[in-house]
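Here are some notes to read alongside the model, written for someone opening it for the first time. Have a look at it, then go through the points below.

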Amino acid sequence: MDDLPPLSLHVPAPEVRPGDKPDFSHVTIPRAGTVRRPAIDENPEDMRDMAFTIIRVLNRQAEAVGPWAIELSDDALRDGLRHMMILRAFDARMLTAQRQQKTSFYMQHLGEEAVSCAFRKALNPGDMNFPTYRQAGLLIAGDYSLRTMMNQIYSNAEDPMRGRQMPVMYSDKPQGFFSISGNLATQYIQAVGWAMASAIMNDRKIAAAWIGDGSTAESDFHAALVFASTYKAPVILNVVNNQWAISTFQGIARGGSGTFAARGLGFGIPSLRVDGNDYLAVLSVARWAAERARRNLGPTMVEYVTYRQGAHSTSDDPSAYRPAEESSAWPLGDPILRLKNHMILKGIWSDERHAQAEAEIMAEVVAAQKEAEAIGTLHSGHRPSVREMFEDVYETMPPHLMRQRQEAGY
């Protein structure tokens with residue numbers, strides 16, 4: 001035993017750091033259309049290969065190819081592109097608003113627009129998403145009010161959260177958008193519980209859980225997989241792998257599993273990886289997973305391989321931990337540009353129409369912003385009453401809160 005070396009720990013490190021040349025050679029990308037499409041009721045044991053590849057539909061020529069290609073109407077394609085463009089314009093305006101101190105905080109979706117915008121189209125009314133802070137596309141693709149979203153970001157008098165949530169932490173039950181939690185990973189086990197309750201009540205509604213790559217290291221993620229697999233809950237377990245947590249590369253949270261989708265294999269959960277920058281691939285996979293859930297075939301784990309082009313949040317400086325040129329080197333491209341090129345190839349879009357749509361959408365977003373700011377922003381205008389922070393906590397307000405409210409002058 002004296003001949004053995006002393007014990008040591010392995011600490012994963014990113015392959016490149018600021019100042020280095022970006023390198024995505026470790027990302028194995030199959031040709032579009034080459035990944036098989038399992039039967040909807042295929043045994044999870046027979047589809048383990050799906051956790052180690054990437055489902056792609058749009059090829060380099062902007063053609064939709066392979067077994068996962070779906071037929072969408074021209075209007076559906078235009079809607080999909082429009083929703084992603086709205087989200088990008090919304091991000092740009094709100095990021096600037098944060099820099100102008102009109103709100104305290106913001107998180108943008110740059111490069112990840114296809115994930116939530118496409119997924120929303122696979123759901124039915126009444127289904128429930130348990131999102132993180134980077135799935136605002138679920139609301140936008142449901143034609144939710146931009147002004148209402150901005151009111152929440154500004155915490156003004158018409159904020160539906162009444163100033164009791166951080167900016168970007170929306171909540172809307174009719175939209176199937178569960179309240180976002182700043183305590184990461186809690187929504188994963190909540191989604192499984194909600195799906196189990198739906199099944200217990202013999203309902204037809206399914207749930208969708210959302211988590212980022214970094215938060216898969218949390219215990220709630222693993223607890224959710226235990227319950228989802230044991231009870232075959234009607235839930236879609238989404239993992240958005242955008243390569244980076246707030247300042248940590250994905251290798252820290254992924255461990256030795258190879259891919260995040262592979263985490264589901266040990267629980268007997270069918271697990272797939274999809275090109276998160278391919279609107280058509282995301283929608284096709286989401287429909288497949290939703291159908292499994294509705295047919296009582298249990299949960300599906302889906303890893304969306306994408307890239308966070310911007311900072312984690314307005315509190316983050318990505319130049320401190322990744323190369324500045326890494327975004328442009330990402331091999332799966334830009335989701336908006338890829339769908340745009342596909343539509344041009346089909347003859348239903350053009351560069352001129354795209355430029356016109358960008359201007360129209362920005363005007364729409366700016367108009368909503370002016371309406372929201374006329375109500376109030378972080379440091380000006382009308383705000384929710386302090387009284388409201390004591391309400392909606394207990395069904396019957398306990399004496400100690402009543403005293404605190406009185407002491408506050410309310």
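Is D351 buried, exposed or partly exposed? D351 is partly exposed, as its relative accessible area is 47%; here buried means under 20% relative accessible area, exposed means over 50%, and partly exposed is in between (1.4 Å probe, protein chains only).

1. Some ground rules before we go on. This is a predicted model, where local features need pLDDT of at least 70 and side-chain atom pairs count only at pLDDT 80 or more, while totals for chains, interfaces and linings use all residues. Residues are numbered from 1 along each chain as its sequence is written, and side-chain values use heavy atoms, with hydrogens and water left out.

2. Back to D351, which has a salt bridge to K340, with 3.0 Å between the closest N and O atoms. (A salt bridge is a side-chain nitrogen of Lys or Arg within 4 Å of a carboxyl oxygen of Asp or Glu.) D351 sits in helix α11 (residues 351–375) and K340 in helix α10 (residues 335–346), so the pair ties together parts that are 11 residues apart in sequence. Helices (H or I, at least four residues) and strands (E, at least two) are DSSP runs, numbered from the N terminus. K340, for its part, is buried, at 13% relative accessible area.

3. The structure holds 23 salt bridges. Side chains of opposite charge can pair when their charged atoms come close. One of these bridges joins R78 and D75, at 2.9 Å from N to O. Both residues lie in helix α1, 3 residues apart, or about one turn of the helix. An α-helix has 3.6 residues a turn, so residues three or four places apart point the same way. R78 is partly exposed at 31% relative accessibility, and D75 is exposed at 52%.

4. D49 and R36 also form a salt bridge, their closest N and O atoms being 3.1 Å apart. Both belong to the segment before α1, and their positions lie 13 residues apart in the count, so to speak: they are 13 residues apart. To put that last bit plainly, D49 and R36 are 13 residues apart. D49 counts as partly exposed at 39% relative accessibility, and R36 does too, at 32%. Elsewhere, R56, D275, D278 and R338 are linked in a network of salt bridges.

5. Now for a helix pair. The axes of α1 (residues 74–99) and α4 (residues 146–154) come within 12 Å and cross at roughly 30°. Axes are lines fitted to C-alpha atoms, for helices over the stretch in contact, and angles run from 0 to 180 degrees between N-to-C directions. The two helices are therefore roughly parallel to each other, a label for angles under 35 degrees.

6. What meets what between these helices? I86, F90, M94 and A97 in α1 meet L146, M149, M150, I153 and Y154 in α4, where contact means heavy atoms within 4.5 Å. The residues of this contact divide into 9 nonpolar, no polar and no charged. (Ala, Val, Leu, Ile, Met, Phe, Trp, Tyr, Cys and Pro count as nonpolar, Asp, Glu, Lys and Arg as charged, and the others, Gly among them, as polar.)

7. Helix α4 deserves its own point. With 7 of its 9 residues buried, α4 is largely enclosed by the rest of the structure. N151 and Q152 are among the buried residues. The buried residues of α4 pack against α1, α3 (137–140), α11 and β6 (376–377).

8. Finally, try clicking on A89, found in helix α1. A89 is buried, with a relative accessible area of 8%, and touches I361, M362 and V365, leaving aside residues up to four places away in sequence.

Definitions and conventions:
Angles under 35 degrees count as roughly parallel, over 145 as roughly antiparallel, 65 to 115 as roughly perpendicular and the rest as oblique.
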